[in-house]
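Work through the exercises below with the sequence and the model side by side, and try each task before reading its solution.

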Amino acid sequence: MSRTRSYVQVDVFSTTPYRGNPVAVVLDGSDLTDEEMQQLARWTNLSETTFVLPPTTAEADYRLRIFTPQGELPFAGHPTLGSARAWLDGGGAPQHADRVVQECAAGLITVRRGEASLSFAAPPRLRDGALDDAYLDEIVAAFGITRERVLAHQWVDNGPGWAVVQLGTAQEVLALEPDLSLIPTAMVGAIGAHPEGSEHHFEMRTFAPGAGVPEDPACGSINAGVGQWLTATGAAPTSYRVSQGARLGRAASIEINADADGTVWVSGAATVCIRGTVSL
């Protein structure tokens, strides 16, 4: 039998509400089946819908399950920040005042609390290294470009399956008109540099047909993996900012910071925009 549960939607990675990436959060997912969670995620039709559950380990403040319209993810970035904001806004009391610890299928994720933003520590990549030639050929064909325009490419998979190609400029990234029918199972991003002196260092676009999301307005998980790659190789400074979502009418801003020990933090604003209940 269904019951009333607290439900919020949080806008993530924009200081201006409704210009970032929304995530739907059910603050009490107890006793829901996998099928019921998936049905709601398909109905909301957002890139992700999450369900907060009691933790199974003493180190965590709560456990999180993350669903796209097509399936469950072990980890995702903007749902991590948005769910942390929703949990805190709903009266959640973390064990440590300066941070929240989320348990998910990818392990324990630390979320730091800042004055105007939240930051998650990038989890280890499950796969890295250069893309194989066949997959790269599929991506450039779908993007409608030649391989000569790709400066670098890499697996940056921390759970969802991300790959990324680096183009010469932000404008080249913004100009992409991908034919996703050519890569129906892909999870792939494109990044390019803005001119020196710009507010943001890079422009990112992420395409996730494999998760039922043609283009994500702002993606924390791929920016986490890309941040690990670029800062470790010296291809980017240890602190930089990424803009995303312009082609979708959004204005997301994502900050990347790498600690001396190599830990990469992904930061952004998270604002609760809708509070209510859902019957599940």
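**Exercise 1. Find how many aromatic pairs there are, and describe the one formed by Y135 and W155**.

Rings of Phe, Tyr and Trp (its six-membered ring) pair if their centres lie within 6.5 Å, with planes under 30 degrees apart counted as stacked, over 60 as edge-to-face and the rest as tilted; by this rule there are six aromatic pairs. Y135 and W155 are stacked, at 5.4 Å centre to centre and with 15° between the planes. Y135 belongs to helix α3 (residues 133-143) and W155 to strand β9 (residues 150-155), so that the pair links parts of the chain 20 residues apart; helices (H or I, at least four residues) and strands (E, at least two) are DSSP runs, numbered from the N terminus.

The model is predicted: local features need pLDDT of at least 70 and side-chain atom pairs pLDDT 80 or more, while totals for chains, interfaces and linings use all residues. Residues are numbered from 1 along each chain as its sequence is written, and side-chain values use heavy atoms, without hydrogens and water.

**Exercise 2. Count the salt bridges and place the one between D28 and R3**.

A salt bridge is a side-chain nitrogen of Lys or Arg within 4 Å of a carboxyl oxygen of Asp or Glu, and the structure holds 13 of them. In one, the side chains of D28 and R3 meet at 3.0 Å, N to O. Because D28 lies in the loop between β2 and α1 (34-44) and R3 in the segment before β1 (4-12), the pair ties together parts 25 residues apart in sequence.

**Exercise 3. Describe how domain 1 and domain 2 meet**.

The domain assignment (automatic or from a database) gives domain 1 as 4-122 + 268-279 and domain 2 as 133-261. Their contact, meaning heavy atoms within 4.5 Å, takes 21 residues from domain 1 and 23 residues from domain 2. Together they bury about 1,500 Å², 55% of it on carbon and sulfur atoms, where buried area is the accessible area (1.4 Å probe) lost on being put together, summed over both parts. In domain 1, F13, R19 and F75 lose the most area to domain 2. Across this interface the rule finds zero salt bridges.

Definitions and conventions
Buried area is the accessible area (1.4 Å probe) that two parts lose on being put together, summed over both.
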